[in-house]
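Colleague: I'd like to learn how to read a fold from its coordinates. Could you walk me through one, feature by feature?

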Amino acid sequence: MQKRYLLNESELPTRWYNMLADMPVKPMPPIHPGTKEPMDVDGLSQIFARECAKQELDTEHVWIDIPEPVLEQYKYYRATPLVRAHGLEQALGTPAHIYFKNESVNPLGSHKLNSAIPQCYYCKQEGVTNVTTETGAGQWGAALSYAAKIYGLECAVYQVKVSMQQKPYRSSIMRTFGATVVGSPSMSTRAGKDIITRDPNHPGSLGTAISEAIELATTTPNCKYTLGSVLNHVALHQTIIGLEAEKQMAMAGEYPDVVIACFGGGSNFGGLAFPFMRHNLHDGKTTRFIAAEPDSCPKLTRGEFRYDFGDSAGYTPLLPMYTLGHDFKPANIHAGGLRYHGAGVIVSQLLKEGMMQGVDIPQLETFESATLFARTEGIIPAPESAHAIAATIREAKRCKQTGEEKVILFNLSGHGLIDMAAYDQYNNGDLINYAYQPAK
Ligand SMILES: *Cc1c(COP(=O)(O)O)cnc(C)c1O
């Protein structure tokens with residue numbers, strides 16, 4: 001029984017798949033927060049690298065070449081393995097075939113590096129000297145800190161305060177790569193001061209950290225803001241995951257009936273799902289796509305579809321998306337990367353049209369599932385990825401009841417080796433579920 005499916009360097013995809021250009025119904029445009037006019041490349045380039053701004057709005061090119069130097073960096077850790085989870089299948093006694101794409105096997109431990117590298121590469125090409133960003137659990141910040149180092153850029157990271165306390169080692173990693181790390185909300189920006197004045201005990205959220213990072217980027221010369229999720233160009237970079245997986249599933253002689261990924265802003269979900277979705281669009285495939293979110297931060301299953309800001313202070317463009325409201329304060333769950341109020345524009349449009357579905361999962365079920373996965377597959381998953389595992393286990397159990405031999409593919413977006421304090425809490429019986437508390 002074959003366990004892992006690997007690709008040679010020469011088999012690596014050389015182009016990203018641009019879902020935006022292939023969508024039959026295009027999403028509505030981003031809107032300028034001040035003028036309320038649709039934003040163009042010039043407008044978005046005020047904040048982002050110009051090439052990223054172009055990709056963000058590109059409804060023309062279905063395939064976008066991966067720059068050669070970025071491919072060279074990808075070769076350090078890609079292709080990642082596609083793995084058949086025989087151990088998990090046996091433990092569940094399911095007839096389903098479970099595969100996972102293992103994005104935890106790069107030195108930064110998550111899929112985030114796939115977009116950090118091109119974003120820093122484009123910044124360097126455009127003469128930018130400083131990059132800034134937000135980070136939750138710290139995976140994006142860690143990946144960006146390293147990618148900035150590759151291209152000789154200075155890097156400043158606003159990390160969500162509660163995540164900084166829960167996962168102190170991720171700040172250590174960022175500092176080791178040479179980045180400056182500040183807990184958010186902080187007193188170093190106007191946005192941070194405003195939040196602390198209103199709510200001195202604010203635990204921070206991705207929304208507060210984004211406001212602070214954008215403020216720094218717009219007040220510092222030659223500094224660009226980078227984002228590790230949500231935006232179209234980030235999901236574009238992540239399609240390397242699904243394009244590899246497509247080749248690897250073919251090696252295994254199978255095609256997924258169900259594709260599952262956890263959902264923060266949608267980049268690892270889109271990265272795995274979009275390349276398979278194009279076969280639903282064009283080749284009559286009927287794969288189901290499931291995005292797994294925390295039940296305490298349920299924008300896909302209980303959010304509203306409307307224009308909203310990507311951050312707390314209202315500095316970002318207004319985006320048409322499923323949202324819990326930009327002032328939503330997520331519960332302190334350990335899956336820091338999923339504590340975000342909104343969903344990316346492409347996935348929101350796809351959800352609206354019924355081309356994918358959301359499922360929400362309580363924290364305890366994610367750790368139960370993560371523990372079973374660890375004991376059967378030997379990998380400690382990130383608390384974020386555990387949402388995908390939990391959704392996979394639900395599907396596999398359904399297959400056991402119906403006897404269906406479905407092929408399930410999920411993304412293991414990262415490992416949880418820096419999250420062991422969370423596992424300790426779970427093992428000590430101290431972890432709890434949080435109910436969804438709508439924004440006031
Ligand atoms: C950031 C992160 C996520 C959530 O972000 P998406 O853009 O929704 O993928 C999920 N898993 C891990 C390991 C992460 O670091």
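Modeller: Gladly! Let's start with a single residue: Gln55 is buried, because its relative accessible area of 3% falls under the 20% limit for that class. Keep in mind that this is a predicted model.

Colleague: In which helix does Gln55 lie?

Modeller: Gln55 belongs to helix H3, which covers residues 50-57.

Colleague: Which residues is Gln55 in contact with, leaving aside its neighbours within four places in sequence?

Modeller: They are Trp16, Ile64, Tyr122, His233, Leu236 and His237. Hold on to Tyr122, His233 and His237, as they come back in a helix pair: Tyr122 sits on the H6 side of a contact, with His233 and His237 on the H12 side.

Colleague: Let's look at that pair, then. At what angle do H6 and H12 pack?

Modeller: Helix H6 (residues 113-125) meets helix H12 (residues 232-251) at about 125°, and their axes are 8 Å apart. Angles over 145 degrees would count as roughly antiparallel, and 65 to 115 as roughly perpendicular; H6 and H12 are therefore oblique to each other. Their crossing is right-handed. H6 contributes Asn114, Ser115, Pro118, Gln119 and Tyr122, while H12 brings His233, Val234, His237, Gln238, Ile240 and Ile241. By class, the residues of this contact are 5 nonpolar, 6 polar and no charged.

Colleague: How far apart are the axes of H12 and H13?

Modeller: For H12 and helix H13 (residues 267-282), the axes are 6 Å apart and the angle is about 55°. That makes H12 oblique to H13 as well. This crossing is right-handed. Among the residues that meet are Val234, Gln238 and Ile241 of H12, with Gly270, Phe274 and Arg278 on the H13 side. The H12 contact with H13 comprises 10 nonpolar, 7 polar and 2 charged residues.

Colleague: Now for the sheets. How should I read a strand order?

Modeller: Go from one edge to the other. One open sheet has 4 strands in the order E8-E7-E6-E9, with parallel pairing. Strands E8 (180-184) and E9 (223-225) are at the edges with a single partner each, so one side of each has no neighbour in the sheet. On average, neighbouring strands here are turned by 20° against each other, direction ignored.

Colleague: How many bridges join E6 to E7?

Modeller: There are 6 between E6 (residues 130-135) and E7 (residues 154-160), which run parallel. Asn130 has Glu154 as its bridge partner in E7, and Thr132 has Ala156. As a general idea, side chains in a regular strand alternate between the two faces of the sheet.

Colleague: Why is E7 described as largely enclosed?

Modeller: Because 6 of its 7 residues are buried. Helix H11 (residues 206-219) lies across E6, E7, E8 and E9, running at about 170° to E6.

Colleague: What is the pairing in the sheet that starts with E1?

Modeller: It is mixed: 7 strands form an open sheet in the order E1-E4-E5-E15-E10-E11-E14. E1 (4-5) and E14 (357-361) are its edge strands, each pairing on one side only. Inside that order, E4 (residues 82-84) and E5 (residues 97-102) pair in the antiparallel sense over 3 bridges, and Val83 stands opposite Phe100 in E5.

Colleague: Which helices pack on this sheet?

Modeller: H12 is one of them, touching E1, E4, E5 and E15, with its direction at about 140° to that of E5. Helix H16 (residues 363-377) also packs there, touching E4, E5, E14 and E15, and makes about 95° with the direction of E14.

Note on methods: Residues numbered from 1 in each chain as written. Predicted model: local features only at pLDDT ≥ 70, side-chain atom pairs only at ≥ 80, totals over all residues. Heavy atoms only, no water. Helix = DSSP H or I, 4+ residues; strand = E, 2+ residues; numbered from the N terminus. Buried < 20%, exposed > 50% of the residue type's maximum accessible area, 1.4 Å probe, protein only. Contact = heavy atoms within 4.5 Å. Pairing = 2+ DSSP bridges. Axes fitted to C-alpha atoms, helices over the stretch in contact; angles between N-to-C directions. Parallel < 35°, antiparallel > 145°, perpendicular 65-115°, else oblique. Left-handed = near helix turned anticlockwise from the far one by under 90°. Nonpolar A, V, L, I, M, F, W, Y, C, P; charged D, E, K, R; others polar.
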